[in-house]
Amino acid sequence: METISSIAKRLNVTNGRVYQIIKEIPADKQPKKDIKGKYNFTKESVEAIESYYNSSSSPKTDNESELVKQLRADLEDAKAEIKAKNNQIDKFQQLLDQQQQLNLSTNRQNEKLLDTPQKTSEDASKDDTDVLEPAGDHYKGEEVKTPKKGLFGWLRR
C-alpha cells in the first residue's frame, strides 16, 4: 500500500504538493478514497502522479537554470563594478595623500617665511616722528623728534 507520505518522499516534495498533483491529474487516474477518507493508491494512480510530477518539473528546472544563469551574470557584473569602484577609491586616496603632502610642504614654507625677520620693510617704515629729517647742511635748526600723537597716531607706528 502506498501512502501520501511515501509518494512525497520518493518525489522529494511535500505532502501538500502530492495532494495538488492528485487534483490536477485526470479523474480516471486519480486514487479512490475509502470510507475513512484515505486514498487507496493503485499502480496506475501512482504512475500518473509520478509522470505528472516529472513532466511538470522539467520546465521548472529549465526556467530555474535560466534564472541561475541570469543571476550568475548579474553577480559577475556586480563584481566587475565593485572592482572598478575599488580602483577609483584607491586613485582618489593617492590624490588625497598627494594633496596632504603638498599642503604640509606649503605650510612649512610659510612658517619659514614668517620666522625670518624682514629687514627691508622695517627700515623703510621709520616714520614715527612729526619732524622730517634734514635733507642736507642748509638746515640749522634743532631737530626735535616728538612721537606722533592724535587719534590715529597708533596706526602710524
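**Exercise 1. State how confident the predicted model is overall, and in which helices confidence is lowest and highest.**

Solution. The structure is a predicted model, and the protein has an average pLDDT of 80, with 69% of the residues scoring at least 70. By element, confidence is lowest in helix α4 (residues 119–124), where the mean is 53. It is highest in α2, at 90.

**Exercise 2. Classify the ring pair of tyrosine 19 and tyrosine 39, and locate its two members.**

Solution. Two aromatic pairs are counted in this model. In the pair of tyrosine 19 and tyrosine 39, the ring centres are 6.1 Å apart and the planes stand at 45°. Planes under 30 degrees apart would count as stacked and over 60 as edge-to-face, so the pair is tilted. Tyrosine 19 belongs to helix α2 and tyrosine 39 to strand β2 (residues 39–40); the pair thus links distant parts of the chain, 20 residues apart.

**Exercise 3. Determine the burial of tyrosine 19 and tyrosine 39, then extend the analysis to phenylalanine 41.**

Solution. Tyrosine 19 has a relative accessible area of 38% and is partly exposed. Tyrosine 39, at 17%, falls under the 20% limit and is therefore buried. The rings of tyrosine 39 and phenylalanine 41 have centres 5.9 Å apart and planes at 35°, so this pair is also tilted. Phenylalanine 41 is buried, at 9% relative accessibility. Tyr19, Tyr39 and Phe41 form one aromatic cluster.

**Exercise 4. Place Phe41 and Ile7 in the largest nonpolar core.**

Solution. This core has 15 residues, and both Phe41 and Ile7 are among those with the most contacts inside it. Two or more residues come from each of α1 (4–11), α2 (15–24) and α3 (43–115). Beyond its neighbours within four places in sequence, isoleucine 7 contacts Glu2, Val18, Phe41, Val46 and Ile49.

Notes: Residues numbered from 1 in each chain as written. Predicted model: local features only at pLDDT ≥ 70, side-chain atom pairs only at ≥ 80, totals over all residues. Heavy atoms only, no water. Core = buried A, V, L, I, M, F, W, Y, C linked by side-chain atoms within 4.5 Å. Buried < 20%, exposed > 50% of the residue type's maximum accessible area, 1.4 Å probe, protein only. Helix = DSSP H or I, 4+ residues; strand = E, 2+ residues; numbered from the N terminus. Contact = heavy atoms within 4.5 Å. pLDDT = per-residue confidence, 0-100. Phe/Tyr/Trp six-rings, centres within 6.5 Å; stacked < 30°, edge-to-face > 60°.
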